[in-house]
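I went through this model with a short list of things to look up: buried helix faces, helix pairs, and a few backbone oddities. My notes follow in the order I took them.

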Amino acid sequence: MQFKDKVVLITGAAGGIGIAAAKAFQKEGAKLALVDLKKEALEEAASSLEDSNVLLLEANVSKEEDVKNYVEKTKAHFGQIDVFINNAGINGAFGNLTEQTADNFNAVFGVNVMGAFFGLKYVLDIMKEQKAGAVVNTASNGGLLGAPGMGAYAASKHAVIGLNKTAALEMAEYGVRVNAVAPSGVDTAMMKSIETNAMGDNTDEARKQFEASVPMNRYATAEEIADLMVFLSSDRASFISGSYYRIDGAQGAT
Ligand code: NAD
């Protein structure tokens, strides 16, 4: 029970990685504040959790007022925020850069960059006062490498890595650690949308081809990403900050 009596705030919690993280932290005794766009989706995802100590918060992370509100509500309800899993994200804006529009880019940046920034802005203020806390930002291998056909996504996740490093440097003196995970394909709704974009209904074939590009020949499970998030948030990672971790079946080593 590494997180007994600890409060863990997770965004994008109705999605594949978010709910897997919620389960993993709950197994370790955490109290949970879960954020996503729609309460109904959150309620459905949270029905797979034990119902004790779970706060559900509807918010659009790309809107600063919503973010201020979910952070304030978490603090008011639980009195503290020990761990922040800054995870909500979208892909979209498929197509090469020459085909992109400002609106496409802004939509992806609004969630992946501004959403991550607003979360850090308000949560770090609380952690700074607590003189304790751990943050895990969800980046991507697209935050480390180019991603042809997904330029807005790749650029947005590179920005997340920049936020991650900066936040770690700014918070080090307060005992707050900030790290990021950088997965390649994870078996969630997001990956399904990438398969559909690549090959329409033929998602089985798209999946086969994507998996073949991974040396370990498969997608990650959401639970594997959640386990890394738990480790990075725990005291066992007490001297790790400002780092990002590839979790990609050796794909980034090629
Ligand atoms: P997912 O689509 O299952 O979950 C994403 C969740 O974020 C959804 O529940 C969605 O409603 C929520 N969300 C989207 N926009 C939001 C907004 N404006 N406000 C609040 N919530 C919002 O996908 P996932 O794979 O669980 O993605 C989680 C994170 O992991 C994302 O940041 C994604 O970029 C990242 N990631 C995913 C993969 C992958 O292959 N699935 C790989 C690398 C990184």
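**Helix α2.** I started with α2, residues 39-46, and looked up which of its residues are buried; they are Leu42, Ala45 and Ala46. The model is a predicted one, and I read every entry here with that in mind. The arc these three cover around the axis is only 95°, so they sit on the same side of α2. I noted the general rule that an α-helix has 3.6 residues a turn, so residues three or four places apart point the same way. I then turned to the face away from the buried side and found the exposed residues Glu40 and Glu44 there. What lies over the buried residues of α2? I listed α1, β2 (31-36) and β3 (54-58) among the covering elements.

**Helix α1 against α8.** Since α1 had come up as part of the cover of α2, I followed α1 to a helix partner. The axes of α1 (residues 16-27) and α8 (residues 222-233) come within 8 Å, with a crossing angle of roughly 55°. That angle makes α1 oblique to α8. I logged the crossing as right-handed. On the α1 side I wrote down Gly16, Ile17, Ala20, Ala21, Ala24 and Phe25; they meet Ala222, Glu223, Ile225, Ala226, Asp227, Met229 and Val230 in α8. Sorted by class, this contact has 10 nonpolar residues, one polar and two charged.

**Helix α4 against α5.** Next I took α4 (residues 102-130) and α5 (residues 151-171), whose axes come within 9 Å and cross at roughly 15°. I therefore recorded α4 and α5 as roughly parallel to each other. α4 passes α5 in a right-handed crossing. From α4 the contact takes in Asn104, Phe105, Val108, Phe109, Asn112, Val113, Ala116, Phe117, Leu120, Leu124, Met127 and Lys128. From α5 I listed Ala152, Tyr153, Ser156, Lys157, Ala159, Val160, Leu163, Ala167 and Met171. By class I have 16 nonpolar, three polar and two charged residues in the contact of α4 with α5.

**Gly92.** I looked up Gly92, which is placed in the loop between β4 and α4. Is Gly92 buried or exposed? I found it partly exposed, because 16 other C-beta atoms lie within 10 Å. Setting aside neighbours within four places in sequence, I found Gly92 in contact with Asn104, Ala107 and Val108. Of these, Asn104 and Val108 had already appeared in my list for the α4 side of the contact with α5. I also checked Gly92 against Glu58: they are 34 residues apart in sequence, and their C-alpha atoms are 22 Å apart in space.

**Positive phi at two alanines.** I then looked for positive phi in residues other than glycine, and noted Ala93, with phi near 50°. Ala93 is in the loop between β4 (83-86) and α4. I count Ala93 as buried because it has 23 C-beta neighbours inside 10 Å, where the cut-off for buried is 20 or more. I noted Ala250 as well, which is not a glycine and has a positive phi of about 80°. Ala250 is in the segment after β7 (244-247). Ala250 is exposed, since 12 other C-beta atoms lie within 10 Å, and 12 or fewer is the limit for exposed.

**Helix α6 and α7.** Last, I went to α6, residues 189-199, where I found Met190, Met191, Ile194 and Glu195 buried. They cover an arc of only 140° around the axis, so they are on the same side of α6. The cover of these buried residues includes α7 (203-212). I looked up the geometry of that pair: the axes of α6 and α7 come within 8 Å and cross at roughly 105°. The two helices are therefore roughly perpendicular to each other. The contact joins Lys192, Glu195, Thr196, Ala198 and Met199 of α6 to Thr203, Glu205, Ala206, Arg207 and Phe210 of α7. I divided its residues into four nonpolar, two polar and four charged. Glu195 is in both of my α6 lists, as a buried residue and as part of the contact with α7. My final entry is Gly200, which follows α6 and has a positive phi near 60°.

Definitions and conventions
Residues numbered from 1 in each chain as written. Predicted model: local features only at pLDDT ≥ 70, side-chain atom pairs only at ≥ 80, totals over all residues. Axes fitted to C-alpha atoms, helices over the stretch in contact; angles between N-to-C directions. Helix = DSSP H or I, 4+ residues; strand = E, 2+ residues; numbered from the N terminus. Parallel < 35°, antiparallel > 145°, perpendicular 65-115°, else oblique. Left-handed = near helix turned anticlockwise from the far one by under 90°. Contact = placed C-beta atoms within 7 Å. Nonpolar A, V, L, I, M, F, W, Y, C, P; charged D, E, K, R; others polar. Arc of directions from axis to C-beta.
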